[in-house]
Number of protein chains: 2
Amino acid sequence: MATTMSEPIARTSLHDQVVDRLRDMIVEGELDPDTRINEKALCERFGISRTPLREALKVLASEGLVELMPNRGATVASFTSEDLDETFPIIGALEALSGEIACEQITDTEIAEIRALHYQMVLHYQKGELHEYFQINQTIHEKILAATHNGTLTNIYNSLSGRVSPARFRANMSKPRWAEAVEEHENILKALEARDGQTLSRLLKTHLANKRESVREALFSEDGAAV
Amino acid sequence: MATTMSEPIARTSLHDQVVDRLRDMIVEGELDPDTRINEKALCERFGISRTPLREALKVLASEGLVELMPNRGATVASFTSEDLDETFPIIGALEALSGEIACEQITDTEIAEIRALHYQMVLHYQKGELHEYFQINQTIHEKILAATHNGTLTNIYNSLSGRVSPARFRANMSKPRWAEAVEEHENILKALEARDGQTLSRLLKTHLANKRESVREALFSEDGAAV
DNA sequence: TAGGCACATATTGAATTCAAAATAATGTGG
DNA sequence: CCACATTATTTTGAATTCAATATGTGCCTA
């Protein structure tokens, strides 16, 4: 079965490169949601014709990152409070599953890696370095995912969390929530070390539920506008 | 956020129609896995040019239904025993989640619908009508999913289960497994009526785990070949 | 006859072209 | 001056074209 997103296999085809590049641009916030994507401009920028660009847009639309309006072009999909409520439970369920599987499969070395990352992350927390914290945080979740050796799971997870990750979402986090998150991670590490799949699964699920509220606050609190 | 697969919205664009039509052909087993898809032939059959067909192929590749080899064309993705082990736990987790959410949201009417379907399905079981049984079985799972009112969940679920559903997979089921499945469904209905999300979630998960073995047997037992 | 080698054919990937639709600009009447 | 219709321009969707790559065929040689 073709797994399209994760493996770093030969990327000879222009089309694949464009998909990746466009996805990056969206995630990095270079393209604003709800404003029409100018095909011609993008083509010139990429130095390609419209054919591969349009193919890429259609793939990204099927991933949910792009919205296509017939005869009226494409836009970066906006992310609403409703989308938050639809996606996070799913992400939570997938993380819970990954925790369960990981506990059965993970090696001591892999755990050691995650442990090292964890304490590095705690350090960033103590220094108040939010960006670096997020960076390592994401890496830890990716490591757990990788320990499942389930490429399909990884792909689906990445695709879903990609909808949430545009740069504007890595904004900020309240002090008490941050402390709580670190504590949750403390417990996640313990469960992983004990290879207690049930507990890890439960922890990850509530971790995600809390994160959802944290993201909601960061996104939809003051201005109320869907970004 | 764009949800591409479920809503029955206006399908004006040729590209979307082709995606649906091709997906149907794959699921119905009209195209054999691992044999090259002839673009020209398909174009003539559909009465279209290669551009929209190739766009569709790329979308289906990102869904995992089609495999693209650079400069060597596309094939329907084959489904191996490993794919089975990768997909079913995910489908199980998604069904478990859908059960949980459904219990919180489902109306009495919706439960009544499912109950009616359930007993219709039991009847088909007693008559030994496998095909009709599968049909209603799938409808029941779809109804539970629909009760979540989570379009994203529905899309991901459909996309995943689409990889398993090609016609050849609806082959057969052993007598004892069939009896077991019906009993599981009996309990699923009970949990739903009691709106016991925890139990329903657990039941669905094991239901899927059992189904995985049933499918494996049907697929990879005698000839051993990956279809 | 089997194993390459050169050439012809077919298929793919991507650019270009063209018609249809939407958007912007212009002009006209109230 | 604004509302609306009409015309130009742009943008989209899809077919066509063209170069690059892969596949197939016949021929030659050992």
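Which atom of DNA strand C lies 2.9 Å from a polar side-chain atom of Arg50(B)? It is a base nitrogen. The model is predicted, and in it chains A and B meet DNA strands C and D. Chain B can be laid on chain A by a turn of 180 degrees and a shift of 0.0 Å along the axis, with an RMSD of 0.0 Å. The two copies are thus related as by a two-fold rotation axis.

**Chain-to-chain arrangement**

- The copies meet through the same surface, because 100% of the interface residues of chain B are also interface residues in chain A.
- Asn150(A) sits in the loop between α6 (130–147) and α7 (151–164) of chain A.
- Asn150(A) has a relative accessibility of 5%, so it counts as buried, the limit being under 20%.
- Leaving aside neighbours within four places in sequence, the contacts of Asn150(A) are Asp85(B), Glu86(B) and Ile90(B).
- A polar atom of the Asn150(A) side chain lies 3.0 Å from the backbone oxygen of Glu86(B).
- Within chain A, the side chain of Asn150(A) reaches the backbone nitrogen of Leu153(A) at 2.9 Å.

**DNA strand C**

- DNA strand C has 19 residues around it, and the nearest are Leu14(A), Ser49(A), Thr51(A), Arg50(B) and Arg54(B).
- Of the atoms of DNA strand C that come within 4 Å of the protein, sugar and phosphate account for 71%.
- Both chains contribute to the surface near DNA strand C: α1 (14–27) and α3 of chain A, and α2 (39–46) and α3 of chain B, each supply at least two residues.
- This surface near DNA strand C holds five nonpolar, seven polar and seven charged residues.
- Two phosphate contacts of DNA strand C involve protein backbone: a backbone N or O atom of Leu14(A) lies 2.8 Å from a phosphate oxygen, and a polar backbone atom of Asn71(B) lies 3.0 Å from a phosphate oxygen.

**DNA strand D**

- Among the 19 residues that surround DNA strand D, the closest are Arg50(A), Arg54(A), Leu14(B), Ser49(B) and Thr51(B).
- Sugar and phosphate make up 70% of the atoms of DNA strand D that come within 4 Å of the protein.
- The elements that each supply at least two residues to the surface near DNA strand D are α2 (39–46) and α3 (50–63) of chain A, with α1 (14–27) and α3 of chain B.
- By class, five nonpolar, seven polar and seven charged residues form the surface near DNA strand D.
- A side-chain N or O atom of Arg50(A) is 2.8 Å from a base nitrogen of DNA strand D.
- Arg36(A) has a polar side-chain atom 3.5 Å from a sugar or linking oxygen of DNA strand D.
- Asn71(A) has a polar backbone atom 3.0 Å from a phosphate oxygen of DNA strand D.

**The hairpin that carries Asn71(A)**

- In chain A, strands β1 (residues 66–69) and β2 (residues 73–76) pair in the antiparallel sense over four bridges.
- Val66(A) has Val76(A) as its bridge partner in β2(A).
- Three residues lie between the strands of this hairpin, where Asn71(A) takes a positive phi near 65 degrees.

**Arg54(B)**

- Arg54(B) belongs to helix α3 (residues 50–63) of chain B and is one of the residues nearest to DNA strand C.
- With a relative accessible area of 28%, Arg54(B) is partly exposed.
- Not counting residues up to four places away in sequence, Arg54(B) touches Glu55(A) and Glu39(B).
- The C-alpha atoms of Arg54(B) and Met173(B) are 37 Å apart in space, and the two residues are 119 apart in sequence.

Definitions and conventions
Residues are numbered from 1 along each chain as its sequence is written. Chains are lettered from A and ligands numbered from 1 in the order in which they are written. This is a predicted model: local features need pLDDT of at least 70, side-chain atom pairs count only at pLDDT 80 or more; totals for chains, interfaces and linings use all residues. Side-chain values use heavy atoms; hydrogens and water are left out. Copies are superposed by least squares on the C-alpha atoms of residues with pLDDT of at least 70 in both. Contact means heavy atoms within 4.5 Å. Two strands pair if DSSP finds at least two bridges between them. Buried means under 20% relative accessible area, exposed over 50%, partly exposed in between (1.4 Å probe, protein chains only). A residue is near a molecule or strand if one of its heavy atoms lies within 4 Å of it. A polar contact is a pair of N or O atoms within 3.5 Å; within protein, one must be able to donate a hydrogen and the other to accept it, and residues adjacent in sequence count only if both atoms are side-chain atoms. Ala, Val, Leu, Ile, Met, Phe, Trp, Tyr, Cys and Pro count as nonpolar, Asp, Glu, Lys and Arg as charged, and the others, Gly among them, as polar.
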